[in-house]
Amino acid sequence: MTQQPPPPGPGFGPPPPQYAPQNAPAQPPYAPAPPAYVPVPPQPVPPQPVPAGPEFLAVDKRNAVVVDASGVVFEMSAFTMEFRWPEIQGVHYKASPDGKALMVAVVHIDGRFYECVVEARPRARLQEWFPQLAWVLGHYRPMG
C-alpha cells in the first residue's frame with residue numbers, strides 16, 4: 001500500500017514556503033493592510049457669488065418666481081426648480097384669464113415647458129409686476 005499525503009486543512013492555508021512573503025510584517029497572516037492614505041472628509045463647496053444685478057420677485061402664499069443674474073427660479077409649495085440662463089430658450093409671462101395672477105413660463109433649451117402661477121394680492125400688484133419683470137428680463141435677455 002502507498003502512503004497518501006495527509007488530508008488538507010480547512011481553507012487554503014498558508015502559502016507554500018517558496019511563495020511566502022519575505023520579511024513578513026508583524027501582523028497576523030492575511031490581515032487587511034492599513035490604508036496608504038488618511039481619508040479626508042469632504043469639504044463643503046462654498047456657494048458661488050452671484051453678480052449684483054436687478055432682481056424680480058413675485059410671491060404668494062404657496063408659489064414664488066425669482067428672476068436674477070443666475071436665471072429663473074420657480075418655488076411651488078415645497079418644490080423648487082432652478083433654470084440657469086444658458087439652459088433657458090425663452091421666458092414668457094401673462095396675466096391669468098381672471099386677471100388675479102401672474103403666469104410665468106420657462107422654455108428649456110430641450111423644448112420642455114415649465115410654468116408657475118403667482119397670485120397677485122391685491123390685484124393692483126399684478127400691474128406693478130409687469131413692468132418690473134419686463135425690465136429685468138430685458139436686462140438679462142435683451143433679445144427676448
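Which residue in β6 is the bridge partner of Y93? In this predicted model, that partner is V104. Let us follow this pairing outwards, from two strands to the sheet, the helix and the core.

**The hairpin and its sheet**

Strand β5 covers residues 88–95 and strand β6 covers residues 101–108. The two run antiparallel, and 7 bridges join them. Besides the pair of Y93 and V104, you can look for A95, whose bridge partner in β6 is L102. Together β5 and β6 make a hairpin, with 5 residues between the strands. In the turn, find G99, which has a positive phi of about 75°.

As general background, the strands of a sheet pair through backbone hydrogen bonds, and they may do so in a parallel or an antiparallel way.

The hairpin belongs to an open sheet of 3 strands, in the order β5-β6-β7, with antiparallel pairing. The edge strands are β5 and β7, each pairing on one side only. From one strand to the next, the twist averages 15°.

Here are the sheet strands and the helix that goes with them:

| Element | Residues |
|---|---|
| β5 | 88–95 |
| β6 | 101–108 |
| β7 | 113–119 |
| α1 | 124–140 |

**The helix and the core**

Helix α1 lies across β5, β6 and β7. Its direction is at about 160° to β5.

Which residues have the most contacts inside the largest nonpolar core? They are V67, F74 and L102, in a core of 25 residues. At least two residues of this core come from each of β1 (56–59), β2 (63–68), β3 (71–76), β4 (79–84), β5, β6, β7 and α1. Helix α1 gives the most, with 7 residues.

L102 is a good residue to click on. Leaving aside neighbours within four places in sequence, L102 is in contact with a list of residues that includes F56, A58, Y93, C116, V118, L126, W129, F130 and L133. So the bridge partner of A95 is also one of the residues with the most contacts in the core, as V67 and F74 are.

**A closer look at H108**

H108 is also placed in strand β6. Is H108 buried or exposed? It counts as buried because its relative accessibility is 12%, and the cut-off for buried is under 20%. The side chain of H108 makes a polar contact of 3.0 Å with the side chain of D110. Beyond four places in sequence, H108 is in contact with F83, E87, Q89 and Y114.

Conventions:
Residues numbered from 1 in each chain as written. Predicted model: local features only at pLDDT ≥ 70, side-chain atom pairs only at ≥ 80, totals over all residues. Heavy atoms only, no water. Pairing = 2+ DSSP bridges. Helix = DSSP H or I, 4+ residues; strand = E, 2+ residues; numbered from the N terminus. Axes fitted to C-alpha atoms, helices over the stretch in contact; angles between N-to-C directions. Contact = heavy atoms within 4.5 Å. Core = buried A, V, L, I, M, F, W, Y, C linked by side-chain atoms within 4.5 Å. Buried < 20%, exposed > 50% of the residue type's maximum accessible area, 1.4 Å probe, protein only. Polar contact = N/O pair within 3.5 Å; in protein donor to acceptor, adjacent residues only side chain to side chain.
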